[in-house]
Each structure stands twice: as C-alpha cells, then as structure tokens.
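Colleague: Let us go through this model together. I will ask, you answer.

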Amino acid sequence: MAEPVVRVPDAKVALSTASVYPESTATAFEVAARLGYDGVEVMVWTDPVSQDVEALRRLSDYHQVPILAVHAPCLLITQRVWSTDPWVKLQRARTAAEKLGASTVVVHPPFRWQRQYARDFVSGIWRMADETDVRFAVENMYPWRYKDREMLAYAPEWDVTKDDYRHYTVDLSHTATARTDALAMIDRMGDRLGHVHLADGRGSAKDEHLVPGRGTQPCAELLERLAVTGFDGHVVIEVNTRRAMSAAEREADLAEALAFTRLHLASAAGRPSRTPRP
C-alpha cells in the first residue's frame, strides 16, 4: 500500500461565534453546521444565549456541532458579564467549558487598571489550570495606538510570551496590530501553544480580523508549520464580517476562511511531529 503524501494533523477547525457579529450566537451554530466546521468557540459576551450553558448545550446538540472552546468575557463591552470580578468570570468560564465538553478557555491578560487582578494573574492562571483538565490559553494582545501615541493597555504584558503560562493562544490579527513577527511569537510559545485564532491584518492600529489571506500576516506559513509539528490544539476562525451586505456574503467569507485553513493545515508526510502536551 502506498504511503500518504500529505499528513493532516489532529487539530480541529472551529468557528468563533464572534465571526457572525452582529448576528447571534445561535446563527453561528447554524453557519458552522452548514459550512462543515468541526465545532465552535463560544465568545461569551452581551448576547444572553452566549452566557447560558443550557442554551448552548441545546444549540450544540440540535446542530450536532461540538463546543471546542469558551472565550471568557474579557472585552471592554463585557466588563459586567458573569460578574464584575474577573476571577469569577474565569471560574464560570471553566465551569461552562467542563459542562459543555470544551477543552479550552481563552483568556486575555488583564487591563492595566485592573491592578490587583494583574498583580496576581500569572500565579492565578497556574492555580486555576492545576484544578482542571481544561486548558487556560492566554492570548497575545497589542499596544493601543492613536496617531503617533501608544498606550500599553494590558498587564503584565500584551506579549504574553514574556510571562510563564502553561498554554498560549496566538491571534494573528493581534500580531498584525502589534506589528510583531507572528512566526517568531509561536517559536517563543513552543509546545505551550495550545490554541490559534486565525485571522489576518495589515498592521493597522485597529484590530482588523480580516479573512486569512487578505492581509500581510503569515497565515499560510503558520498553518503549515502547525501541520509539520503535529499541532493538537484547535484552529479557530475569528474574523470580522460586520461589513457583509447579506447573510450569503458573510457565509462566503466564512467558507473562504475554512477552505484556506484546511488547504494549508497539511504537510508532507514523513516529517517529524511533536509530542502533544497534556
């Protein structure tokens, strides 16, 4: 029997529910099922369904689309979602992930004005990670810019590789906004890279979240590198489709993003793969 010439890693390709905004969380499940995504990442935000574990379970069961990750409510607009206490938010995200069978909780580093939370963040994430099989994957962010001014909004660092975490999330829209080298960043993350937010960007001060292939980020190269190393986490399409003029246009963008990802998330067979981390 001939040996396969292409190897596809075990990584699943998921759709972030944020990718259908301003449509609802429920719409994201419908779209993921229709386009053939392997699952979804639930962005917990102001949509009440995104905050309701039982509603999410029903959507997952109805559409036969597993929930692979939960994105904790870390955005400015979600400061009051699931409590104003950031540790309570993470505890609820972990509980939701455990109940829904998701393997990963995505979390941003604190805002600098969350001083006590920022002071305890690294040790607190390790403590929470030790209490569960769910991965807490801390996501790289970026400096905030206005004209020629730059503000460091996140602490301890927007570049999370400067701190010690068990698992990382790399976001390629954020590397574009930070104007940093995405491939060098995943090299620093090494085998602690547990989760990918795939999007593109052109280096604007705005967090663009373009469809992969429409910006300047090495999306294809990163996916191919993941395939070579036997990446066993999830690749999540997290793109901005707010400017879509119709549901059909939005779905075309999300289908393009999925096709791009599946095309490049492969490597020549026979190359070495890495040993998955627990």
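Modeller: Contact here means heavy atoms within 4.5 Å. This is a predicted model, where local features need pLDDT of at least 70, side-chain atom pairs count only at pLDDT 80 or more, and totals for chains, interfaces and linings use all residues. Residues are numbered from 1 along each chain as its sequence is written, and side-chain values use heavy atoms, with hydrogens and water left out.

Colleague: Which residues does L226 touch, leaving out those up to four places away in sequence?

Modeller: L226 sits in the largest nonpolar core, among the residues that touch the most other members. Such a core is a set of buried Ala, Val, Leu, Ile, Met, Phe, Trp, Tyr and Cys residues joined through side-chain atoms within 4.5 Å; buried means under 20% relative accessible area with a 1.4 Å probe, protein chains only. With that sequence filter, the contacts of L226 are L193, V196, F231, V235 and L265.

Colleague: Which helix gives the most to the largest core?

Modeller: That core has 68 residues. Helices are DSSP runs of H or I, at least four residues, and strands are runs of E, at least two, numbered from the N terminus. With 6 residues, the top contributor is helix α3 (residues 86-100).

Colleague: Which residue in β3 stands opposite S16?

Modeller: Strands pair if DSSP finds at least two bridges between them. Strand β2 (residues 12-16) has 4 of its 5 residues buried. β2 pairs with β3 (residues 39-43) in the parallel sense over 3 bridges. Opposite S16 stands E41.

Note on methods. Buried < 20%, exposed > 50% of the residue type's maximum accessible area, 1.4 Å probe, protein only.
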